[in-house]
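Welcome to this guided tour! Open your viewer, and select each stop as you read along.

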Amino acid sequence: MIFPYCQHRHSSPDRQAPALKIRSLRVSYSSEDKFALKDFDISIPAGSATALVGPNGAGKSTLFKAVCGLLPVRNGSIEVFGRALGACHHRVVYLPQRSAIDWFFPISVLELVLMGRYVYLGWFKRPVKADVDLARQSLKEMNALDLAGRQISKLSGGQQQRVLIARALAQDADLLLLDEPLNAVDASTRETVANVLHKVKSQGKTVIVATHYYDQEEGRYDQAVYLKDGKKVDPEQGEDDSGHKDCDCR
Ligand code: ADP
Ligand code: MG
């Protein structure tokens, strides 16, 4: 039997291929013909930083979830580093929106960050010292090492975002999908996130960030992809609809 989160199904990424290649993608949450993503195409070069811009309900989170295999693909294809979806799953990390997490779950910050290592551990294996060291290093990079022993229910919004990003860093993936990491965080957390994104990119990793703040962050990205009503739109059309007026997160 092959378990999805052990390494038996793992194929090495093709380093020459785009980090993400999507063709004619359709994704739906229901069996009806109501698509959250419609005929979506994209090619994201490896080593680039991309902003995913669009109003609430545009399909940004849906796209990330589809790339992680969390939603069924109704039509089209998704390739990650030239491999079929799932073939190199632990090379991809998805950082969900903070609101998608149950912050009352009774675990410590360090335990949460260690979850980033589980994709390597397989079933029934416990993290070893090297995993703990990497988790602590990730917390340090996010200026959050002092929070390691704290229950996650006791974190402020900015602290929650820092530890979520630390969890994503701990996975040491090649493709990072960050869902609105800058919403409702303080200025110092913004600065830390910006520095870490810069560092991750300089390591040759690929980053896609869903954001409502592209106008303030443009210089950090190599390209922007605009989404509206589940479709890619051209920048002029997208910019009109991607402003803060639609953001309910601040
Ligand atoms: P964004 O992240 O850009 O705000 P989403 O990907 O969350 O947008 O939503 C895209 C579309 O999918 C919206 O029409 C939304 O209502 C719908 N949708 C999102 N999550 C669900 C869900 N769990 N069940 C049904 N429909 C959903
Ligand atoms: Mg979203």
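One term will come up again and again: a residue is called buried when its relative accessible area is under 20%, exposed when it is over 50%, and partly exposed in between, using a 1.4 Å probe and protein chains only. Before you click on anything, note that this is a predicted model, in which local features need pLDDT of at least 70, side-chain atom pairs count only at pLDDT 80 or more, and totals for chains, interfaces and linings use all residues. Residues are numbered from 1 along each chain as its sequence is written, chains are lettered from A and ligands numbered from 1 in the order in which they are written, and side-chain values use heavy atoms, with hydrogens and water left out.

**Stop 1: the whole chain**

Show the chain as a cartoon. You should find eight helices and 10 strands. Helices (H or I, at least four residues) and strands (E, at least two) are DSSP runs, numbered from the N terminus. Of the 250 residues in the chain, 50% are buried. The accessible surface of the chain is about 12200 Å², and carbon and sulfur atoms hold 50% of that surface; such areas come from the Shrake-Rupley method with a 1.4 Å probe, and for residues only the protein chains shown count as cover.

Now think about contacts, meaning heavy atoms within 4.5 Å. Among the contacts in the chain with a separation of 6 or more, 78% are between residues 24 or more positions apart.

**Stop 2: helix H1**

Select residues 60-67, which form helix H1. Is this helix enclosed or open? Seven of its eight residues are buried, so H1 is largely enclosed by the rest of the structure. The buried ones are Lys60, Ser61, Thr62, Leu63, Phe64, Ala66 and Val67. Move on to Gly69, just after H1, and you will find a positive phi of about 80°.

**Stop 3: ligand 1**

Keep H1 in view and show ligand 1. Which residues are around ligand 1? They are Tyr29, Ala36, Pro55, Asn56, Gly57, Ala58, Gly59, Lys60, Ser61 and Thr62, where a residue counts as near if one of its heavy atoms lies within 4 Å. H1 gives the largest share of this shell, with three residues. By class, the shell has four nonpolar, five polar and one charged residues. Here Ala, Val, Leu, Ile, Met, Phe, Trp, Tyr, Cys and Pro count as nonpolar, Asp, Glu, Lys and Arg as charged, and the others, Gly among them, as polar.

Try drawing these distances between atoms:

- From a polar side-chain atom of Lys60 to an oxygen atom of ligand 1: 2.8 Å.
- From a polar backbone atom of Ala58 to an oxygen atom of ligand 1: 3.2 Å.
- From a polar side-chain atom of Tyr29 to a nitrogen atom of ligand 1: 3.5 Å.

On its own, ligand 1 has 560 Å² of accessible area, and the protein covers 57% of it.

**Stop 4: salt bridges**

Side chains of opposite charge can pair when their charged atoms come close. A salt bridge is a side-chain nitrogen of Lys or Arg within 4 Å of a carboxyl oxygen of Asp or Glu. How many salt bridges does a search of the whole structure find? The search finds nine; let's visit three.

Begin with Asp174 and Arg91, whose closest N and O atoms are 2.7 Å apart. This pair links distant parts of the chain, 83 residues apart: Asp174 is in the loop between helix H5 (157-170) and strand E7 (175-179), and Arg91 is in the loop between strand E5 (83-84) and strand E6 (92-95). Asp174 is buried at 11% relative accessibility, and Arg91 is buried at 14%.

Next, select Lys129 and Asp133, with their closest N and O atoms 2.8 Å apart. Both lie in helix H4 (residues 129-141), four residues apart, which is about one turn of the helix. Lys129 is exposed at 61%, while Asp133 is partly exposed at 36%.

Then go to Asp222 and Lys201, whose closest N and O atoms are 3.2 Å apart. Lys201, in helix H6 (residues 187-202), is 21 residues from Asp222, which sits in the loop between helix H7 (214-217) and strand E9 (223-228). Asp222 is partly exposed at 47%, and Lys201 is partly exposed at 28%.

**Stop 5: a residue in a strand**

Finish at Thr211 in strand E8 (residues 206-211). Is Thr211 buried or exposed? Thr211 is buried, with a relative accessible area of 2%. Beyond its neighbours within four places in sequence, Thr211 is in contact with Ala51, Leu52, Val53, Gly54, Glu217 and Tyr221.

Key: Polar contact = N/O pair within 3.5 Å; in protein donor to acceptor, adjacent residues only side chain to side chain.
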